[in-house]
Amino acid sequence: MSDKNTSAKIQTDIILLKQGEIVLKGLNRRSFEMKLVSNVNRRLKQYGNFHIYAVQSTVYVEPRDADCDISGAFEACRDIYGIVAVVRAAACRKDPDDIFNTAKVYLKDAIENAPSFKVESKRSDKSFPMTSIQLSQYVGGLLAEEFPDTPVDVRNPGFTVHLEIRDYSAYVHGPAVPGAGGMPVGSNGRVVSLLSGGIDSPVSTCMAAKRGLAIIPVHFFSFPYTSELAKEKVIELGHILTRRCGKMMLELVPFTHIQEEIRDNCPEELFTIITRRFMMKIADAIGRLNGCSGIITGECLGQVASQTMESMAVTQEGLELPVFRPLICLDKTEIIASARGIGTFDTSVLPYEDCCTIFTPKHPKTKPRLKDVLEAEKALDVQGLIDEALENIERIRL
Ligand code: ATP
Ligand code: MG
């Protein structure tokens with residue numbers, strides 16, 4: 001052991017990311033892990049040059065130089081799906097005195113300000129000469145001498161000093177904070193997500209991403225009935241979502257001609273349902289063109305006329321891709337709480353019109369019959385209108 005009185009040099013301040021469910025994935029685990037590491041890599045690029053790798057259910061984020069913004073990276077990591085806990089740690093040599101010296105410097109303020117503390121150790125390197133309990137007792141004893149005003153309390157400590165002995169290094173840290181949970185974005189395939197400017201669809205989009213789906217957001221706009229500001233609002237929502245969903249390509253679909261055709265040729269009470277069927281068909285086409293395996297919407301049972309069980313059945317009729325509605329059984333209060341959590345609520349409530357709210361019938365059918373809807377659609381060149389919209393899509397990299 002080295003001299004316990006040498007003043008510690010903190011070698012590196014690093015970030016440890018504890019993997020969540022992906023550790024259960026058996027043989028696929030490696031590919032899940034690689035997906036997570038590449039997501040973390042992409043997400044942290046803007047914070048500097050980091051070495052990022054996964055070992056033993058943990059992703060290590062080590063700064064390569066002094067220019068790295070560790071605090072920024074730490075905050076960003078909290079939003080990355082596939083991680084259950086995030087903690088900043090100091091790395092040091094696997095030597096008990098070096099570990100003590102590191103803890104003494106790195107956690108000084110936390111220990112001094114805590115009502116009590118204890119030390120807890122874990123070692124995955126079984127060749128380390130002390131057991132976990134011996135190491136905790138050794139370092140705990142030295143820390144107790146160093147910080148005589150903070151009593152040791154092993155049952156109910158105000159602060160826990162964590163020591164980890166791993167393959168390459170020892171790590172010293174305080175308590176971890178919760179991560180975003182879920183699975184790495186892209187580890188479960190890809191979907192199209194219908195993104196309006198409302199409160200609900202950013203939440204459904206994040207829920208899909210949280211279960212490991214990569215997202216292609218699709219937005220319909222009806223300029224000049226909906227304003228340029230409404231479009232900008234959706235782009236802004238898309239930018240906020242990238243924190244959790246990763247980089248995305250937003251597809252902006254011009255919808256004016258379709259809506260005018262519906263208004264001019266279909267019975268008023270069916271405007272909404274036919275409009276929504278067009279959205280779904282276009283989403284279905286975009287999804288098939290981009291190798292997606294489903295469509296996500298922010299629909300919630302009973303919220304508006306188009307969100308009855310009967311309406312939803314008619315909207316999804318004839319599609320190739322399955323439609324998933326993560327919010328279907330949530331209450332509005334629950335959805336709003338989620339929207340606040342993901343940071344989209346304040347933008348969503350900005351008051352711009354959505355194309356769903358133009359030409360709305362006074363008495364929309366809440367229980368439309370498919371037969372009537374198909375009959376009404378005969379007045380339209382459905383495929384021609386869809387093709388025209390697809391040809392004029394505007395794409396924005398988020
Ligand atoms: P939201 O809060 O997400 O706007 P909502 O409660 O206002 O939902 P609707 O306007 O009926 O309900 O929309 C239901 C779903 O249809 C939305 O959650 C979204 O997935 C999709 N949607 C509605 N309008 C658009 C649009 N302009 N572009 C893309 N998707 C849309
Ligand atoms: Mg809406």
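These are my notebook entries on the two domains and the cysteines of this predicted model.

**Entry 1: the domains.** I looked up how the protein chain is divided. The domain assignment gives domain 1 as 14-180 and domain 2 as 190-397. I then took the distance between their centres, which comes to 43 Å over C-alpha atoms. For the contact, I found six residues on the domain 1 side and eight residues on the domain 2 side.

**Entry 2: the buried area.** An interface's size is often quoted as the accessible area lost when the parts come together, so I looked that up next. Domain 1 and domain 2 bury about 720 Å² between them, and carbon and sulfur atoms give 42% of that. Which residues of domain 1 supply 70% of the area it buries against domain 2? I got Arg-43, Asp-79 and Tyr-81, and no other three residues supply more.

**Entry 3: polar links across the contact.** I counted one salt bridge between domain 1 and domain 2. I also looked up the pair Asp-79 and Arg-244, which form a salt bridge with their closest N and O atoms 3.1 Å apart. Asp-79 thus turns up again, having already been on my list of the three residues for buried area. Polar contacts between the two domains come to two residue pairs, both at pLDDT 80 or more. Sorting the domain 1 side of the contact by class, I got four charged residues, two nonpolar and no polar.

**Entry 4: the cysteines.** How many disulfides does a search of the whole structure find? I got zero. Why is Cys-329 not bonded to Cys-300? The closest cysteine sulfur to that of Cys-329 is the one in Cys-300, and at 8.0 Å it is too far for a bond. The cut-off I am working with is 2.5 Å between the sulfur atoms.

I checked Cys-355 as well. Its nearest cysteine sulfur belongs to Cys-356, 4.9 Å away, and Cys-355 is in no disulfide.

**Entry 5: cysteine exposure.** Is Cys-329 buried or exposed? Cys-329 is exposed, because its relative accessible area is 66% and the cut-off for exposed is over 50%. Cys-355, on the other hand, is buried, with a relative accessible area of 2%, where buried means under 20%.

Definitions and conventions: Residues are numbered from 1 along each chain as its sequence is written. Chains are lettered from A and ligands numbered from 1 in the order in which they are written. This is a predicted model: local features need pLDDT of at least 70, side-chain atom pairs count only at pLDDT 80 or more; totals for chains, interfaces and linings use all residues. Side-chain values use heavy atoms; hydrogens and water are left out. Domain bounds come from an automatic or database domain assignment. Contact means heavy atoms within 4.5 Å. Buried area is the accessible area (1.4 Å probe) that two parts lose on being put together, summed over both. A salt bridge is a side-chain nitrogen of Lys or Arg within 4 Å of a carboxyl oxygen of Asp or Glu. A polar contact is a pair of N or O atoms within 3.5 Å; within protein, one must be able to donate a hydrogen and the other to accept it, and residues adjacent in sequence count only if both atoms are side-chain atoms. Ala, Val, Leu, Ile, Met, Phe, Trp, Tyr, Cys and Pro count as nonpolar, Asp, Glu, Lys and Arg as charged, and the others, Gly among them, as polar. Buried means under 20% relative accessible area, exposed over 50%, partly exposed in between (1.4 Å probe, protein chains only).
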